[in-house]
Structure formats: structure tokens, C-alpha cells
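I opened a new page for this structure and wrote down what I looked up, one entry at a time. The entries follow the order in which I went through the chains.

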Amino acid sequence: MNDINQKPPSVLLENVSKWYGEVIGINDISLAIEGGVTGILGPNGAGKSTLFKLLMGRLKPSQGTVRLFGIDPWKSTSPYRRIGYVSESERMYDWMTSLDFISTLARLHGMSRDEAVERSKHVLDFVGLEDVHHKEIGKYSKGMRQRVKIAHALVHDPDLIILDEPLHGCDPIARTSIMSVVRELGSQGKTVLISSHILEEIERITEQIVILHNGKLLAIGNLHAIRDLLDQHPHRILIKCDSPRELAQLFIREDPVYGVRFPEDGQLEIQTNNLSAAHDILPSTIVKSGQKITSIENPDDNLDSLIGYLLGGINNG
Amino acid sequence: MDEKGLSLSKTVWSQLDRKAGAIIELTIRQLRNRMSTWVVLGVGILLMALLLAFYVDSVREGFESIDNDGDSVDMDGDGYPLGQEIKYGHSDYNSDEFPGSSEYVRVSNIDYDDQIRRTSGNFTWEGIGRFDAIWKDTKYSGSSQWEGIIDWNIASNNSCPSGDVYVDWSPEYWGYACYYSDDEFFVYGKFKANGTIDVPLDRSINWGYYTQPFFIEPDLQSMYINEDDIDWNGNLLQSSQGFDDDGDCTRENWSIDNAESAFYFDYSGDQFDEDKNNNGIICDVLWEVDANGDEISSISPDSNVDEDPDDEKYMGESSHRTFIIGVGKMAFVILLGLFLPLFLALGLIRDETENGTLHYLLSKPIHRGEFIAYRLLGYLSVTGSYVIILSLFVGIITALLGPGDEIFRISDIPVWLGIGFATFLVLAAYGSLFNTLGLISPKYGVYVSIVIGVWEFVMGILTIANPNWTLSAISINHWALQIIDSIVLLAWPETLQLQQMSSAFNLETGLDIFWKPPVHTLGTSNPIVAIMVSMFVLIVFTIMMLVVGQSIFKNREIM
């Protein structure tokens, strides 16, 4: 047993590798996570789900050790008392009502029937499904199903919540609602792991990220710190407006901007070495021009470019 | 470490009742939501309804008296039933032979090596010789040429070849004759005539006469049905009882007694033996009691004694029991016991994997072995209660309709409960087995299970036919069927006697087909021991399969 003063971290991976025959799922990852919301970022196939399945004791690591609260999840299911898991799987018992579904699973935590129903109602309210407790899950929209899954993971008031692509396929309203739920959990002091392949989603939830690429741990730390690093690299901002040439004249005088391009009619591409500085001058310059702007995009501000930069190359997409 | 952290060090084996309750309930609800569940359960109910219809239609309808020993037939259509023909030593396959018909009586013969080779007289002859006829019966003819009766019209026109017979020529066929001169013939066959015959050396001839036919009133065929009832005074004593009412064992006043002939069989197909049971008393029935002296354990009749009892007197009760035992063994243990698990247990965990819902259950603080056990309990609570309710339902109906003076045959209910219980154990054993097979190989488990199902079916049938056969003990059915056999003996002790009577006296109730005394009594002949042994085997098997299943599942990676 661990020393009483040395509380083991919620999640601890030491040199963990997992391969499926020839295919590598996770390659030599070491990681310790404790407290707050951590975004697990990576494109499809980066190993996010493999990582989570290792944590959930569904897979046995080929090498290394996995510990949840200091316990090996492959050998014992006892850590799951304190863990809520939202799988990427869409499948649920569609014939059950959400209240049934959650309370049945809550009872597997050793709750009595009444306790389970009470807690289930509470978590359903928490995820914003107050009105549909008694509706069959099969009749729910995708976003509602996703929220039921999250509610089910919260029913036993876990300390560690693992969410595998919870925003995948949700409409914007559900997305916003789920994000606020996750932020709320983080602010309650719980440890939350949330995976996504969309940078922007995670950015809206947390700053603490882990980036996985081809099964390897590519980066870990504060998203803004990583971003600042990236900002020193060439970056593009795409502005759609009526008269791009006029706007370009204003921008080219600004310090952070080192070049402009006109990729298409009514489009201006600004090239910069300092993204945040460029963003700082962006509103004032546009106001100055008095032009009508249809959109502003950061084509390089996605996970692929981020990974591209981290891998050392410049990925212009 | 905080309070929650401390609680982690404890085992996950806590609050098992709540977890078990949740998974059992979930399993029941899942089964309830599956179409195949209702189809299988519905088919089971339909099967029982059909069997009940059969019961009402035939088992309950009393019994037509049947000819248990088969002697009421008249195969040759001469108007005399077999039983009467046997008394007179006649065959029932020849319409020329019947009681009172004219019979051939042999007088004497000249053998191939006799010194005197000539004789004369008016007889029916059969053999070879040179015959000097005084009178010939030209009308004597048989029904076929194979009888070899000489046709004098042909013979008179057929002069014998020159030379010596058997030197220069030989007769062509049995029934051949030719003439030498007026009224002197060579004969080779059967004929009726008056005259003198010379028999060549190394040939022979028989002669005799036919008796005058006389009339005997043919018996009614119905006289040979139920003509030899079981004579038993009801005393549970080891004793010689029984009496040959129809006289086909004692054979008094029979005109011809074939008892010594090796070809004379009794009704059960054995060589006729008037003291077949070897108790020194001819034509009786030996009733033997069991070790406790409270049950007739064996009945051995001598040949043709009490062999054609009054069916109705014995059939009602026996048939009722046969129905219950047959339905319990075939419909409940073998069919329901096999098909319910095949449809409902095989996918208990496999389906969750396929549906992608397994992770909800496995990401909970439950041991995987615990999970399998609760799933099986859920399945068992559905199928088990179904089987128990169904058996009680059928039981109550047959107890109301069954024979006997009581309005409700209360003694049937323990038997039905026993059938339900035996089926329940089978459901547990197969459920555990098939579930484990589904875990070992999600893809091929179903095929292996079907192969095992066929094996079990065959072994079940063989166990019913002969529970002593060792090979059939390598099956789950075998042990469950033992439980039914044992419970029958406990609830209806006199079944042993009914079964002995039905096999000893040829009562076609099927009781001796469907029921045999329990075998696995460890030499005690005590049905309770057999139940204990069978329960032990089935429960140990179930737990073993559960352990195998959980040890496989525990180390399975779930993608």
C-alpha cells in the first residue's frame, strides 16, 4: 500500500506500450494526471481510444504499468468506484428510459435502488435532461444520448471522469452544453480526461492538453504555452471581404505582418510570425478600413497544423 | 489518504446483493425485450398445449381392451382364432387346417433299409415304389403342385421308359407317376389308393389315413381378449400367485401338445416353459418384494400365465403416470432444457460484446466472474420460473383430469415439481456451458453448442431407454432424468410395481419404456441418494463451467 502522505496520482502511466499484433496502438507513453480538465488531443488513430481502454481495464498493456489511484485496472476493478467513463461507442440500451438506464448502472456501484434513482435524477438534471427522464433512449437525439452517457458516468460522483470523444457528432447546442458540463466538473476539482481530434473544441474547455500522434506522446502541457511557441512560426489568417487589396495596404504596414496573398477573389491572406500580435491588431485595422468583413479564419489553427509544427515541419495544409 | 481512497483498498466484493439485483434485473429486462425469448417461450407453451390435448384425447379416454398376447387373430380366415387353433395343434396360416378338420394319421412305413419291401392295403401313401392298384382315388388332389399329389389322369397316359428305374432313368418331379402295364404304376409322390406296393431298396414309403372331419364350434375372437387376467390378491408378500385362466400354460384337454417342441414359443417370444420362473410351481406368477418388503420389485410369470389382462383395470393409472413421466423427460428436460439455454444463454455476454454495451457493465467495480454469475442468475430466473410455472400449470390440469377417485390428484404435484426442479438444474448446467462456449469462441461457440445439443439429445433418449448404459452418463440430461426417475419413485412408490406389471404382463402403457428405477444410488437402491448424486453432478458441473468461463473472460481484452 502506498505511503499515507504520498497520494498516488489519479492517472499514472509508465512506459506503456500496447500493440495489436504488428500494429502499434500506444508507444512508450509515460504520463501522470491529477486534477482539472485535461484534453487528450490527436487525430483519428493516434491512440486516444487505446489509451482509454487501457485505463478502463479493457486492454492489457503490452509493456509498462497503468495505475489508477495506484491500482492496476487490468487486475482489479476497484478503481472504478471513483471513475466515470464515457465510451466512444454510440450503443446504449435503447429500450430503456434514461432514468432506468442510469439508475440500473448506478446500482452496480452498490447503491440501493432508491439511492440510485435519486442520484440518477440529479445527474440527468445536471446535464440538462430534466424533462426527458422517462423517455426511451432510442427516441433521443444524438446530443441527448451523449449527455445521458455523461450523466451515467457521473452518477456515483467520481473523482476521475474519462470522456472519449464526447462532442463527436453533436449539434452546436449539445456541444456547448456538454462543454459547460465538463468545465463545471473541472471547476469542482475533479480530474477530467477528455479526448478529441478537434483543437478548437478542447481549447474552449481547457488549457491543459496532451497531444498524441501515431501512438506517441507528442506534447504535454499548457495549450497556450504550446501555442505561443507556434506563434513564432509563420501563420496564416484568411479574411473574406469586399475589397481585399485595400485591406492589404493597411495590414502590410503593421509590424507582425510580413506578407499578404490574394488566393481567390474577395479573399485576403495575411502571413505573420506572431499570431497573437497579429490578432491584437486585427480588430483596429479592420475598423480603420471601414470594410464589411464576411469571415476571418485561421486555416493553420487546427490540430493537423499544430502537429505539423510540433513535428518540426511547416504544414501549410 | 482520503476516505474514498481508503475504501479503495477494500475488495470489490461488497454490496453483492445490490449489484446482483441490478444485473439480474437488467438481464431479465433484456431477455424480455428480445423477440427470440418470446418465440422460444411461446413454442414451449404451444408444445405443452399440444401434449395436454393429446392427454385429454387419448390418455384420459379410458382404454380399449387390447389383445395383449395376440391370440385372437385369425390369420388364415378359417373362422377359428389362433388361440383355438393352437389348442388343436393347428397352424393359423393354413385354412385347410382348423379344429375338427380331417387329419392325417400315419400307420406305418417301409424304410430304406427294411428287409420286407412289400405291403398292401387301402391307405394314403407317400413315397416311392411300384404300385399294383386295385382302386385309385382319382379325386384326391391338393391345392398346389408342390404338395406332390399324383394326378392319375396324367399317369395313365404316361408309360414308363424302358430299363430299370434309378438305373436307366429317374422320376422327373415329386408327384410324378408312370404306368408299366394295366394298373401297375411307378409312383413318386402322394396318393390315395388300394393295392400292393413294392419299394426299391434304398427308397421308402409311408402310409396312413385321413380322419373323418368333425365340426367344432369356432370360438368368438373376443373370447381371446382379456381372457387371462392378472390374479393378484394385493398382498405385499413374496409369493406364488397368478393362475392360468385360459389354460394355455397348463394345456389341459389339448388335442395336441407341442410344449416339448423347440418351436413352441410363449406369447412373449420365449421358448415355452411352464416353469419359466423356476420356482418349482408350474403355471404360476412369482411376485417378489423389495428389501424393505413394502414394494413389489419384480414379477416373473411362467409362460402364458396372466398374459392377457383386463387392460382398462391397469391402464388408466399407468398411462397417466407414463404421460407425466414422458412429458417430464422428453418435453421438459430434453426439449425445453436444451432449447431454452441454446436460445437464451449462449448470448448472455456475447451479445453485449456485439452490441457494444458491455463496457457500461465492465467499467463498474464488479469482478468479471461476478458479472457472469449474475448474468446466469438473470437468465435462470426467467427460464427457471417459466419452467416451474409451466410444469405446475400442466401438473394442475392433469391432476384435475387424471384417473382415480380424488378430485385433485395431489400426489402428482411433487412429481411435477421434481420435473421442474430437474429441468431447472439442466437449464443451469447448459446455460453455464453454452455461455462459456460463447465466451471461448464468440464465432464458433454456437456451432459447438449445437453439436453438444445433438449429443445431449441422443444421450437423453438412450438414458430413457437404458439408464444403465455407461456412455449416456457423459451427458447432462442423464443426471436430470435420474432425478425424475427418483422423484417418481418417492412420490408414487407403487410405480415400481406398475412398471413390473406392465412389462411382465405385456401391458402397453409405455411405463416400462419411460420409467426405470434410478441407477445411481451408490448401491443403496435409495432414490434420495440418487437425487443427491445427480444434484451434486449437475451443480458441480455448472460451477465448473462458471469457473472456466470467468477465467477466460477475466483475461479477455475487450476492444
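**Entry: where the chains touch**

I began with the contact between the two chains, in which 32 residues of chain A meet 29 residues of chain B. I noted that this is a predicted model. On the chain A side, helix H2 (residues 98-107) gives the most, with three residues. I sorted that side of chain A by class and got 15 nonpolar, nine polar and eight charged residues.

**Entry: domains of chain A**

Next I looked up how chain A is divided. The assignment gives domain 1 (11-228) and domain 2 (232-310). Their centres, taken over C-alpha atoms, are separated by 36 Å. Nine residues from domain 1 of chain A and six residues from domain 2 of chain A take part in the contact. On the domain 1 side, S8 and S9 of chain A each supply at least two residues. By class, I found seven nonpolar, two polar and no charged residues on this side of domain 1 of chain A.

**Entry: strand S8 of chain A**

Strand S8 had come up in the domain contact, and I went back to it. Is S8(A) enclosed or open to the outside? Five of the six residues of strand S8 (residues 208-213) of chain A are buried, so the strand is largely enclosed by the rest of the structure.

I then listed its partners. Strand S3 (residues 36-41) of chain A runs parallel to S8(A) and is joined to it by four bridges. In this pair, A:Thr38 stands opposite A:Gln208. Strand S9 (residues 216-222) of chain A pairs with S8(A) in the antiparallel sense, over six bridges. Here A:Ile209 of S8(A) faces its opposite residue A:Gly221 in S9(A). I also checked the link between S8(A) and S9(A): they form a hairpin with two residues between them. In that turn, A:Asn214 has a positive phi of about 50°.

**Entry: a three-stranded sheet in chain A**

I looked up an open sheet of three strands in chain A, with the order S2-S1-S4 and antiparallel pairing. Why does one side of S2 and of S4 lack a neighbour in the sheet? Strand S2 (23-33) and strand S4 (63-68) stand at the edges with a single partner strand each, so one side of each is left without a neighbour. From one strand to the next, the twist averages 25°. Strand S1 (residues 11-20) of chain A is joined to S4(A) by five bridges and runs antiparallel to it. As an example I wrote down A:Ser17, which stands opposite A:Gln63.

**Entry: helix H8 of chain A**

In helix H8 (residues 244-252) of chain A, I found A:Pro244, A:Leu247, A:Ala248 and A:Phe251 buried. Down the axis of H8(A), the buried residues fall within an arc of 105°, so they line one face of the helix. I added the general rule: an α-helix has 3.6 residues a turn, so residues three or four places apart point the same way. A:Arg245 and A:Gln249 are exposed, on the other side of H8(A). What do the buried residues of H8(A) pack against? Their partners in chain A are strand S10 (235-241), strand S11 (257-261), strand S12 (267-272) and helix H9 (275-289).

**Entry: domains of chain B**

For chain B, the domain assignment gives domain 1 (104-210), domain 2 (227-308) and domain 3 (320-554). I looked up domain 2 and domain 3 of chain B, and their C-alpha centres lie 40 Å apart. In their contact, 13 residues of domain 2 of chain B meet 10 residues of domain 3 of chain B. The domain 2 side has six nonpolar, four polar and three charged residues.

**Entry: a three-stranded sheet in chain B**

Chain B has an open sheet of three strands in the order S6-S7-S8, with antiparallel pairing. I noted strand S6 (239-241) and strand S8 (296-301) of chain B at the edges; each has a single partner strand, so one side of each is left without a neighbour in the sheet. Five bridges pair strand S7 (residues 285-289) of chain B with S8(B), and B:Val285 stands opposite B:Pro301.

**Entry: one residue, B:Ile419**

Last, I picked B:Ile419, which lies in helix H10 (residues 412-440) of chain B. B:Ile419 has 30 C-beta neighbours inside 10 Å and therefore counts as buried. Setting aside neighbours within four places in sequence, I found B:Ile419 in contact with B:Gly328, B:Phe332, B:Ser391 and B:Ile484.

Technical notes: Residues numbered from 1 in each chain as written. Chains lettered and ligands numbered in written order. Predicted model: local features only at pLDDT ≥ 70, side-chain atom pairs only at ≥ 80, totals over all residues. Domains from an automatic or database assignment. Contact = placed C-beta atoms within 7 Å. Nonpolar A, V, L, I, M, F, W, Y, C, P; charged D, E, K, R; others polar. Buried ≥ 20, exposed ≤ 12 C-beta atoms within 10 Å, placed from the backbone. Pairing = 2+ DSSP bridges. Axes fitted to C-alpha atoms, helices over the stretch in contact; angles between N-to-C directions. Arc of directions from axis to C-beta.
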